[in-house]
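Visitor: Could you take me through one part of this model up close? I'd like to know how far to trust it, too.

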Amino acid sequence: MRHVRLSGLLKLELRDGRTIRLCDGGWVPWASEKFIARDPTFGIIGSMEAFEEGVGDEVPAFSLTFLPASTAAAVDLAAPGMQGSRLRLWIAELDDLTGQIIGTPDQQFDGQMDQVRLVTGLRKRELPMTFVPRGERFFNSNDGNSLSSAFHKSVFPGELGEDNATGLTSAVAWGTEAQPGSNGAASVVYPSAGWSNYANMVRTQLA
């Protein structure tokens, strides 16, 4: 009679090229990868909260706490450049006799690192981390894209159509119905201003 047990698998692909693969006990082979209970550099998972469902313009999110093996590892994980690192979670069925995965693990989450806090104290070093689905990037807002020559060139480099325009005010929102005044994304880091305004650029061209 086959005995089957469940195991959680975590894969965190850091922005600097390193990958953390953890399971909830022992070690689990999957394809060419090996998931272990304790990463030699980044330690173990101390706790994990349940998933939260999103409502309206909110997205589901959850938190987990890393117990890093050293202060240097904690600083690496908490670095601003790590924001956006991809995290995936699976539930796998294991043959209790062979330790091999049965079938294909069931993916529970595919998201990105959002916020990290470093908590230290007497004999304590913790990293509470918040993750959101990768689809959160669709919620990034670009409010107050002003109808001005400077902003027009930031979206269309070299385009001079607004240079000789008169009677325009910078308080006019361009490409969005939201209130003017800010022009930034919430949590995802983009390579340039032109990229971060791509969604509004498309809407403007279609208008």
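Guide: Sure, let's start with trust. Among the elements of the chain, strand S2 (residues 19–23) has the highest mean pLDDT, 95, and helix H3 (residues 193–196) the lowest, 36. Here pLDDT is the predictor's confidence in each residue, from 0 to 100, while helices (H or I, at least four residues) and strands (E, at least two) are DSSP runs numbered from the N terminus. Over residues 168–207 the pLDDT is below 50, though this stretch has 69 contacts in the model beyond near neighbours in sequence; contact means heavy atoms within 4.5 Å. Where pLDDT is low, the predicted coordinates should not be read in detail.

This is a predicted model, so local features need pLDDT of at least 70 and side-chain atom pairs 80 or more, while totals for chains, interfaces and linings use all residues. Residues are numbered from 1 along each chain as its sequence is written, and side-chain values use heavy atoms, leaving out hydrogens and water.

Now for the close look: arginine 88, in strand S7 (residues 86–95). Arginine 88 counts as buried because its relative accessibility is 15%; buried means under 20% relative accessible area, exposed over 50%, partly exposed in between (1.4 Å probe, protein chains only). Leaving aside neighbours within four places in sequence, arginine 88 is in contact with Leu9, Leu10, Lys11, Glu13, Gln107, Phe109 and Asp110. With one of these, glutamate 13, arginine 88 also shares a side-chain polar contact of 2.7 Å. That term means a pair of N or O atoms within 3.5 Å; within protein, one must be able to donate a hydrogen and the other to accept it, and residues adjacent in sequence count only if both atoms are side-chain atoms.
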